[in-house]
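Reader: Hi, I'm in my first year and still getting used to looking at structures. Could you take me slowly through one part of this one?

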Amino acid sequence: MQKKWLIYGAYGYTGELIAREARKRGWNPVLAGRNPEMLNQLAKELDMEARVFPVGLNMAENLSDIALVLHCAGPFQKTSAPMINACLEAGADYMDITGEISVFEHSFAQDAKAKEAGITICSGVGFDVIPTDCTALKLKELLPDATALSLGFDSDSGISPGTYKTMIEGMGSGSAERQNGQLIPVPIGSQRRSIDFGRGMRSAMGIPWGDVSTAFHTTGIPNIATWIPMKKSRIAGARLLSPAGSILALPFIQKRLKKWISLRVKGPDETRRAGAPAYIWGEARNETGVVKTVRIKTANVYDLTVFGALESVSRLLEGEFPKGSYTPAMLFGSGLIEELPGSGKFEEETIYPE
């Protein structure tokens, strides 16, 4: 880790977990963010350099000596584009831990600019979306002619304030899936099926997970849906609440909800995380009716984000990778998830048409 790199949003829940793990490994990233009190306190404790600057204009001057930025400050829909622009200007590689579809789409739209600037852009180097992205590529390798892909996960990891606020941001937009290569909005609660994510069959609901963007770029499969387990009663409730999305998206409602989150939500502690692994599931189908299924058990959502982000940073800084915009699996292969601490191996299943 000879090259200088920076964690922006280092004092947020996940950013701090990443910074502390980096220190345990003897790494020395620059810590950055806009809150001087919180940032300097953490930097002093970890004996790391601190740089205080907001997301906005003139960020590139703070990145002039930085080889790579790991962006951890959400909601990424508001913060990612300015940071990518700063990285393009400064010639620094860019990574983030987003799971937001719009951010992935924007990242891929910067491919030509990234190549011209000589940098690599890779969004989603955390739980969003390393395990599911690797699962998507694994299924493409097992079934190259797949035309439909479903991905999902099951976890009791809890939720951080930042993730909660991102969910609040998206409350007015419903769900989404990819149909014939196009991103299509669908009402929340309208996608239903039963899935065995890895610990028994459960009812499931479609959600607007980042893979409806990333998995398409990784695999080229034109039809993609993403899923989480959900009780049937809650799925029905989500469908009934769908028309209220426009109300929940109102600025003053958003502000009140986010203030409540800041006061009440602290994120899962180490004990909670340790006892809550994640179960990843994926299913691919081709036009002849062959179905390939893979499952893998991983560390909990937040520890996997820490391990995945730091592994991605290390590989990009120490290796030679193409310039442009990529997903984690495009850069590092489907086996990346199996190599992270706490992960098992892919388990495969095939069903042939009768």
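Which residues line the second largest pocket?

Author: Quick housekeeping before we dive in. This is a predicted model, so local features need pLDDT of at least 70 and side-chain atom pairs count only at pLDDT 80 or more, while totals for chains, interfaces and linings use all residues. Residues are numbered from 1 along each chain as its sequence is written, and side-chain values use heavy atoms, with hydrogens and water left out.

Okay, your pocket. Its lining is made up of Leu17, Arg20, Glu21, Lys24, Glu270, Arg273, Ala274, Asp303, Val306 and Phe307. (On a 1 Å grid over the protein atoms alone, a pocket is an open set of points with protein on both sides within 12 Å along at least five of seven lines; a cavity is a set where a 1.4 Å probe fits but cannot get out; lining residues have an atom within 4 Å of a point.) The volume of the second largest pocket is about 250 Å³, counted as the space filled by probe spheres set on the grid points, which are joined across faces, edges and corners.

Three elements each give two or more residues to this lining: helix H1 (13-24), helix H12 (270-274) and H13. H1 gives the most, with 4 residues. (Helices are DSSP runs of H or I, at least four residues, and strands are runs of E, at least two, numbered from the N terminus.) Sorted by class, the pocket lining has 6 charged and 4 nonpolar residues, but no polar ones.

Now compare that open pocket with an enclosed space. The whole structure has 1 cavity of 30 Å³ or more, and the largest cavity holds about 30 Å³. Phe104, Ser107, Phe108, Ile121, Ser123, Thr214, Ser325 and Tyr326 line the largest cavity. H4 and strand E15 (324-326) are the elements giving two or more residues there, and H4 gives the most, with 3. The lining of the largest cavity has no charged residues, just 4 nonpolar and 4 polar.

Let's stick with helix H4 (residues 101-109) for a moment. Its buried residues (under 20% relative accessible area, 1.4 Å probe, protein chains only) are Ile101, Val103, Phe104, Ser107 and Phe108. Looking down the axis of H4, they fall within an arc of 165 degrees, so they line one face of the helix.

Across the cavity lining we also met Thr214, which sits in helix H8 (residues 211-219). Thr214 is buried too, because its relative accessible area is 0%. Beyond its neighbours within four places in sequence, Thr214 is in contact (heavy atoms within 4.5 Å) with Phe104, Phe108, Val129, Asp133 and Thr327.

Key: Buried < 20%, exposed > 50% of the residue type's maximum accessible area, 1.4 Å probe, protein only. Arc of directions from axis to C-beta. Nonpolar A, V, L, I, M, F, W, Y, C, P; charged D, E, K, R; others polar.
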